[in-house]
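Biologist: Please give me a close account of one pocket in this model, and then of the elements around which it is built. I should also like each term explained where it first appears.

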Amino acid sequence: MSVGVYQDWIGREQQAEDEVNLMSLGALAATLGHVEPGANEPVPPCGHWLLFNRMVPAGELGSDGHARRGDFLPPVELPRRMWAGSRVCLHAPLYPGDAVSRRTSIEAITEKTGRNGALVFVYLRHRIFRGATLVVEEEQDIVYRELASGALHTSRADHAPQWSRTLEVDPILLFRYSALTCNSHRIHYDRDYAIGVEGYDNLVVQGPLTATLLMDLLRAALPDVQIAAFDFRGVRPVLAGTSLRLCGTHSVDTATLWVEDEQGYVAMRATANLQNH
């Protein structure tokens, strides 16, 4: 498709409604190895990703497990689709039982050429409301690209972490998170597909799961601060069956976080804006 055809998709909007579910929050806590949250505890920083995940009818799925392209998102012909990053502002806390709505719009679509071929970026803006109150605002980057070819992006952290955690990533963790978010993309659970079709070396860890693990590390390291905003960007695929090192450091009001793979290369970078309770 040409840039001119993509322009017809810019400005499209989609609306959805949901309710913050304590059972789902408890399942997320269990997946992360925590105790079940209380009914009066606020939703954790990445907990809004449990919301508005529509169960697409089987007949409307594409061969990769995602909804067929051309419904709300444009019918990009490049085979790979990834959640490349997000920038999230947490304007007000959410609580179990809150009735919420989300407005999503396609803000921009751009075509680029990277080291491994053609890329198409679709930029979404999500706004989550409780009544008339804007509680969460997110800019999400989806990238479509060609199948694996060429060298992976490689870089190392330029400073030592103040705190870190090593985590063995297994298919059970990926399965549980995919179930929580209704994510049926086959690269997260179908190893033969991930390797044989999309060219990865193993199952791929979900970008939002990796970001959730980083924010979880931050909350454990600095329990007396509130995360007002955060962003993350995936720079290298994170694969199951490997050992990850979750790392972080902070100044007065900002935290810098990153994920290192088994080779010591940075796979994800993130930052967070902090406020005292």
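Modeller: On a 1 Å grid over the protein atoms alone, a pocket is an open set of points where a 1.4 Å probe fits, with protein on both sides within 12 Å along at least five of seven lines; its volume is the space filled by probe spheres set on the points, which are joined across faces, edges and corners. The model is predicted, and local features need pLDDT of at least 70, side-chain atom pairs count only at pLDDT 80 or more, and totals for chains, interfaces and linings use all residues. Residues are numbered from 1 along each chain as its sequence is written, and side-chain values use heavy atoms, with hydrogens and water left out.

The second largest pocket holds about 790 Å³ of space. Its lining (residues with an atom within 4 Å of a point) comprises 31 residues, of which P42, V43, P44, P45 and R219 are the closest to the centre. By type, 21 lining residues are nonpolar, six are polar and four are charged. (Ala, Val, Leu, Ile, Met, Phe, Trp, Tyr, Cys and Pro count as nonpolar, Asp, Glu, Lys and Arg as charged, and the others, Gly among them, as polar.) Helix 5 gives the largest share of this lining, four residues, while helix 2 (22–31), helix 5 and strand 7 each supply at least two. Helices (H or I, at least four residues) and strands (E, at least two) are DSSP runs numbered from the N terminus.

Strand 7 belongs to an open, antiparallel sheet of 10 strands in the order 1-3-4-5-2-7-10-9-8-6; strands pair if DSSP finds at least two bridges between them. At the edges, strand 1 (13–19) and strand 6 (163–168) each pair on one side only. From one strand to the next, the twist averages 20°. Helix 5 (residues 207–221) packs on this sheet, touching strand 2 (80–90), strand 6, strand 7, strand 8 (243–250), strand 9 (254–260) and strand 10, and its direction makes about 45° with that of strand 10. Contact means heavy atoms within 4.5 Å; axes are lines fitted to C-alpha atoms, for helices over the stretch in contact, with angles from 0 to 180 degrees between N-to-C directions.

Strand 7 (residues 225–234) pairs with strand 10 (residues 266–276) in the antiparallel sense over nine bridges. Within strand 10, R269 stands opposite R233 and A270 stands opposite F232. A270 is also the bridge partner of L257. Strand 9 and strand 10 pair antiparallel over seven bridges, forming a hairpin with five residues between them, where G264 in the turn has a positive phi of about 85°.
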